[in-house]
Amino acid sequence: MSSGQILVLALAAVLVFWMVGAYNRLMALRTAIAAAWQQVAEALARRGEAAQALAQALREPMAGEAKALDALLAAEAQVREAADALGARPVRLEAALVLVKGEAAMGAAASRVLALLEQHPLLKVEPAIAEQAAVLADGGSRLAFARQRFNEAGAAYDEAIAEFPTRLLIRLYRFGPAGRL
């Protein structure tokens, strides 16, 4: 074997090892996004359960505000559907955008229901209603922390796919940018 052939084999081996290493690094970053998504999904589920329970508990005493309660339930269903789609593949940019829209509707509907609840002080002291209202209101801070972790994991992944020479492989491995919440 000539020295030229040995050099070509050595370069090919280095290239293969680099490609495998780059793939493994990107997969580890994707796994970190999936792990961060689990925290977001848990916070969304907890807040969604509280929203449903609160809407059911307020259905009779606040019958005149049925539109606000229906809007809360519709927004929660929209968020749940978007979260399920994003949970199937937490790196999808489009699914993250749909969830962000749903979150905006959920925030507005939850604020409206909580404001209406403030106008009914007797309802606020009922243990079941107070507990669900607290979970719904507190869900925002828990969700904000989980979102931050998800967004940081997505940013690390996006930085990795943008770096040279790794970005040369993203088409080969079908990696794309991650969504943010």
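Here are three short exercises, with worked solutions, on a predicted model.

**Exercise 1. The core**

Find which helices supply at least two residues each to the largest nonpolar core, and which helix gives the most.

*Solution.*
- Start with the core itself: it has 44 residues, and those touching the most other members are Trp37, Leu44, Leu58, Leu72, Leu99 and Tyr157.
- Next, look at the helices: H1 (3–58), H2 (66–88), H3 (93–118) and H5 (127–162) each supply at least two core residues.
- Of these, H1 gives the most, with 12 residues.
- Now zoom in on one member, Leu72: beyond four places in sequence, Leu72 touches Ala51, Ala55, Met106, Ala109, Ala110 and Val113.

**Exercise 2. Two helices side by side**

Work out how H1 and H2 are oriented to each other: roughly parallel, roughly antiparallel, roughly perpendicular or oblique?

*Solution.*
- The two helices pack at an angle of about 160°, and their axes are 10 Å apart.
- Angles over 145 degrees count as roughly antiparallel, so H1 and H2 are roughly antiparallel.
- Their crossing is left-handed.
- Among the residues that meet are Trp37, Leu44 and Arg47 from H1, and Leu69, Leu72 and Glu76 from H2.
- Sorted by class, this contact has 11 nonpolar, 4 polar and 3 charged residues.

**Exercise 3. One alanine**

Decide whether Ala133 is buried or exposed, and find its contacts.

*Solution.*
- Locate the residue first: Ala133 lies in helix H5.
- Its relative accessibility is 10%; buried means under 20%, so Ala133 counts as buried.
- Leaving out neighbours within four places in sequence, Ala133 contacts Leu54, Leu114 and Leu117.
- Finally, compare sequence with space: Ala133 and Ala51 are 82 residues apart in sequence, while their C-alpha atoms are 7.9 Å apart.

Notes
Residues numbered from 1 in each chain as written. Predicted model: local features only at pLDDT ≥ 70, side-chain atom pairs only at ≥ 80, totals over all residues. Heavy atoms only, no water. Core = buried A, V, L, I, M, F, W, Y, C linked by side-chain atoms within 4.5 Å. Buried < 20%, exposed > 50% of the residue type's maximum accessible area, 1.4 Å probe, protein only. Helix = DSSP H or I, 4+ residues; strand = E, 2+ residues; numbered from the N terminus. Contact = heavy atoms within 4.5 Å. Axes fitted to C-alpha atoms, helices over the stretch in contact; angles between N-to-C directions. Parallel < 35°, antiparallel > 145°, perpendicular 65-115°, else oblique. Left-handed = near helix turned anticlockwise from the far one by under 90°. Nonpolar A, V, L, I, M, F, W, Y, C, P; charged D, E, K, R; others polar.
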